[in-house]
Amino acid sequence: MAQAKKIVLYLLIVFVLYTIITSPARAANLVQIGFEGISAAAQGVGEFMTQLIK
């Protein structure tokens, strides 16, 4: 089972590196979208906590 996890992890790393090398603009766009999503989620949690306190 541990070997399978290592293989999947290595394949994922190779895929990410391949994507970054072949189309860096697209990869940067995907990272930006991801960070915007995380930021929106954190803002939502903050607003929720603020409303709980009030």
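**Exercise 1. How much area does the protein chain expose, and what share of it do carbon and sulfur atoms supply?**

Solution. The model is predicted: local features need pLDDT of at least 70, side-chain atom pairs count only at pLDDT 80 or more, and totals for chains, interfaces and linings use all residues. Residues are numbered from 1 along each chain as its sequence is written, and side-chain values use heavy atoms, without hydrogens and water.
- Accessible areas come from the Shrake-Rupley method with a 1.4 Å probe; for residues, only the protein chains shown count as cover.
- The protein chain exposes about 5000 Å².
- Carbon and sulfur atoms supply 74% of that area.

**Exercise 2. Describe the overall form of the protein chain.**

Solution.
- Helices (H or I, at least four residues) and strands (E, at least two) are DSSP runs, numbered from the N terminus. The chain has two helices and zero strands.
- Helix 1 covers residues 2-22, and helix 2 covers residues 24-53.
- The C-alpha trace spans about 50 × 35 × 5 Å along its principal axes.
- The radius of gyration is taken over C-alpha atoms, and the globule rule is 2.2 Å times the number of residues to the power 0.38. The protein chain has 18 Å, whereas a compact globule of 54 residues would have a value near 10 Å.
- Buried means under 20% relative accessible area, exposed over 50%, and partly exposed in between (1.4 Å probe, protein chains only). Of the 54 residues, 4% count as buried.

**Exercise 3. Place Leu30 and Ala41, and find the C-alpha distance from each to its given partner.**

Solution.
- Leu30 lies in helix 2 and is partly exposed, because its relative accessibility is 41%.
- From Leu30 to Ile7 the C-alpha distance is 24 Å, with their positions 23 residues apart in sequence.
- Ala41 is also in helix 2; at 45% relative accessible area, Ala41 is therefore partly exposed.
- The C-alpha atoms of Ala41 and Ile21 are 29 Å apart, at a sequence separation of 20 residues.

**Exercise 4. What does Thr19 reach and touch?**

Solution.
- Thr19 belongs to helix 1.
- A polar contact is a pair of N or O atoms within 3.5 Å; within protein, one must be able to donate a hydrogen and the other to accept it, and residues adjacent in sequence count only if both atoms are side-chain atoms. The Thr19 side chain reaches the backbone oxygen of Phe15 at 2.9 Å.
- Contact means heavy atoms within 4.5 Å. Leaving out residues up to four places away in sequence, Thr19 touches Pro24 and Ala27.
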